[in-house]
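Please load the coordinates in a viewer and keep the selection panel at hand. The tour below proceeds by selections, each followed by a description of what is found there.

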Amino acid sequence: MSNIKLTSKIFLACVALTIFILIANVSALGVTPGRKIIDFSSAQEKEGSFKIINSENRQLNLQISVKGDLASSFVIAEQSLSIEAGQEKDVSYKINLPADLSPGTHVQEITILERADNQEGSISAFVGVVTQVYVKVPYPGKYAEAELNIESAELAQEVSFAIAVSNLGQEDLKDVGAQIEIYNSNGEKVAVISTNKISVVAGEKKELASSWKADVTAGLYSAKASVSYGANAIPLEKAFSIGEQVLDLNSVIVKDFSLGGIAKFEMDVQNKWGEDIKTVYSQTNVFDKNNKLIVDFKSPAEDIAALSNRTLFSYWDTEGLSKGVYDAVIYLRYGEKFSKKSVQFEVDSNSLRAIGLGYVISGSGKNSSSNLNSFLIIIIIVLVLLNLLWFIIFRKRAKK
Amino acid sequence: MAKLKYIIDVVLISCSVIVALLFFNNINPMAIAPLNNQETNNTNVLFEIRNADYILIDDNIEFSSPEKVFLEDSLEIKLSPGTYYWKILGEKDSEVRKITILSRVDLTLRKQVNSSDDSSYEVVNSGNENLNVDVYDQELFTQSFTLSPSGEVIANGTKFVGGKI
């Protein structure tokens with residue numbers, strides 16, 4: 001009995017020690033937000049705050065310091081503080097911005113660092129986090145910066161272009177617009193589109209948008225945009241893709257087949273992508289009537305040139321196989337992607353024929369809410385008619 | 001006879017009102033979550049709507065480059081830190097709501113228990129921003145590396161300071 005008690009005590013001691021070691025071996029610190037942006041307009045005092053998060057199971061003693069060209073202008077409410085385990089604390093600060101700040105972004109970093117007196121147990125390193133303060137000083141006159149974002153699309157679909165324009169100057173901008181030229185991978189211009197025109201007030205950020213229908217072959221493209229505001233222009237460039245890297249299985253042919261022998265599969269594969277696709281191979285899975293995998297065979301890997309066809313060869317030893325129809329799935333693998341086609345193999349003594357079932361297309365669910373709406377509309381119409389009918393009868397009877 | 005007429009009248013009008021209410025309640029898209037002007041550190045946001053299947057999300061209120069998202073009733077969408085505007089696309093558009101994902105810089109150090117090196121640590125980015133981590137050894141800068149959210153790296157040092165890239 002005493003042995004059991006002793007064992008329990010040792011076990012509890014081990015658990016306690018493990019928990020202590022785990023706690024002592026972890027150090028964590030957080031701050032939010034990671035960045036604050038202050039727009040400068042004139043010499044003034046600005047205020048801000050950040051939240052320090054202690055997600056550890058012990059008290060943290062912290063030191064706060066500021067780095068940057070405006071460090072001496074910062075007044076932090078608490079430069080030294082302690083936060084209890086699992087607690088958060090808001091810290092406020094003031095910045096006395098001088099009147100003669102140069103245009104551009106002045107990056108300041110507020111560093112929150114563990115103090116040396118935290119160190120206990122076996123952890124002997126300090127953890128620190130930084131919250132940034134960007135002081136944005138407008139440029140004299142007209143000045144803007146822009147960023148081009150492109151949402152790639154499938155073939156024959158609309159490609160969306162969005163240009164975020166930030167007015168970092170002192171003057172408002174009018175008639176800001178952009179022209180976008182689209183080039184294919186051979187450097188040939190395939191389209192030119194224009195965006196809408198907008199006005200952007202000083203210190204604000206707005207978007208220019210346009211779209212283009214991708215009636216082109218799949219592949220890589222680049223967009224060269226020129227954002228104009230007054231006599232100024234901002235050049236932008238970004239690459240994007242049209243369509244997926246798609247491989248299509250056109251046909252599967254087995255010549256000179258004899259049941260029990262080795263079947264040679266010739267798979268005609270088409271590369272619909274506007275670029276070469278490297279190391280393409282086929283993988284064929286054949287299943288019996290119980291949907292159990294009976295064979296898995298692959299072809300050697302080949303490169304397929306852009307917009308061209310290539311035959312992939314693979315082999316299946318049909319020894320012991322019976323006549324019949326077998327379900328199969330053929331994968332065309334390239335990189336980490338694949339295309340998949342479900343087929344059936346009709347096996348006879350002297351022939352093996354692939355019967356295509358087409359690609360599996362995942363269907364979207366039916367719109368149940370619109371069905372319910374239609375049902376309710378019908379009921380409303382019926383009820384309105386019943387009401388009308390009832391009141392007509394009622395009035396006729398009342399006249400009588 | 002008059003009582004029967006009265007009963008038929010009441011039944012017809014009641015049914016009409018109930019069905020009409022059901023219909024109007026069913027066609028009006030309803031935004032449930034997240035609440036308007038919500039601020040959160042969590043980058044996985046649960047969107048919950050009724051009577052519609054699509055929402056539009058954009059980083060500007062003009063919805064000039066929106067993302068159209070299909071969701072049946074609810075869906076968790078991963079958003080980067082920033083401010084977003086969203087509305088429901090239905091028989092008629094819903095109100096526009098705003099959500100802000102606050103950036104959070106969070107760094108965790110775990111001492112390598114099995115390592116013979118006393119200053120070897122697993123450095124984990126526990127926040128939601130890409131971080132630049134500066135490593136110091138006895139106040140001497142030794143190296144710098146970047147960590148994406150949830151990313152981790154083994155490094156030697158006595159001070160690790162992480163800030164947004």
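Begin with Gln38(B), which stands opposite Ile99(B) in strand E8(B). The model under inspection is predicted. Extend the selection to the two strands concerned: E2(B) and E8(B), the latter covering residues 97-101, pair in the parallel sense over three bridges.

Next, select the sheet to which these strands belong. Five strands of chain B form an open sheet in the order E2-E8-E7-E4-E5, with mixed pairing. Its edge strands are E2(B), residues 38-40, and E5(B), residues 67-70, each of which pairs on one side only. From one strand to the next, the twist averages 25 degrees.

Now display the whole of chain B. The chain contains one helix and 14 strands. Of its 165 residues, 28% count as buried. Among contacts in chain B between residues at least 6 apart in sequence, 51% join residues at least 24 apart.

**The boundary between the chains**

Show both chains and select the residues in contact across them: 44 residues of chain A are in contact with 44 residues of chain B. Which elements of chain A each supply at least two residues of the side that touches chain B? They are the strands E1 (26-32), E8 (104-114), E9 (126-137), E11 (158-167) and E15 (205-213), together with helix H2 (368-399). H2(A) gives the most to this side of chain A, with eleven residues. By residue class, the side of chain A that touches chain B divides into 23 nonpolar, 18 polar and three charged residues.

Keep E9(A) selected and add strand E14(B), residues 159-164. These two strands pair in the parallel sense over five bridges. One position to label is Phe126(A), whose bridge partner in E14(B) is Lys159(B).

**A sheet built from both chains**

Select next the strands E5(A), E7(A), E3(A), E1(A), E9(B), E10(B) and E13(B). In that order, these seven strands form an open sheet with antiparallel pairing. Strand E5(A), residues 74-76, and strand E13(B), residues 152-156, stand at the edges with a single partner strand each, so one side of each is left without a neighbour in the sheet. Neighbouring strands here are turned by 25 degrees against each other on average, direction ignored.

Within this sheet, isolate the part contributed by chain A. E1(A) and E3(A), the latter spanning residues 44-53, run antiparallel and are joined by three bridges. Label Val31(A), whose bridge partner in E3(A) is Ile52(A), and then Thr32(A), whose partner in E3(A) is Lys51(A). In a regular strand the side chains alternate between the two faces of the sheet.

Move on to strand E7(A), residues 88-97, which runs antiparallel to E3(A) and is joined to that strand by ten bridges. Among the positions to mark is Glu45(A), with Asn96(A) as its bridge partner in E7(A).

**A single residue in strand E16(A)**

For the last stop, centre the view on Ser226(A), found in strand E16(A), residues 219-229. Is Ser226(A) buried, exposed or partly exposed? Ser226(A) is partly exposed, because 14 other C-beta atoms lie within 10 Å, a count between the limits of 12 or fewer for exposed and 20 or more for buried. Leaving aside neighbours within four places in sequence, Ser226(A) is in contact with Ala178(A), Gln179(A), Ala233(A) and Pro235(A). Finally, draw a distance from the C-alpha atom of Ser226(A) to that of Ala146(A): the two residues are 80 apart along the chain, and these atoms are separated by 9.8 Å.

Key. Residues are numbered from 1 along each chain as its sequence is written. Chains are lettered from A and ligands numbered from 1 in the order in which they are written. This is a predicted model: local features need pLDDT of at least 70, side-chain atom pairs count only at pLDDT 80 or more; totals for chains, interfaces and linings use all residues. Two residues are in contact if their C-beta atoms, placed from the backbone, lie within 7 Å. Helices (H or I, at least four residues) and strands (E, at least two) are DSSP runs, numbered from the N terminus. Ala, Val, Leu, Ile, Met, Phe, Trp, Tyr, Cys and Pro count as nonpolar, Asp, Glu, Lys and Arg as charged, and the others, Gly among them, as polar. Two strands pair if DSSP finds at least two bridges between them. Axes are lines fitted to C-alpha atoms, for helices over the stretch in contact, and angles run from 0 to 180 degrees between N-to-C directions.
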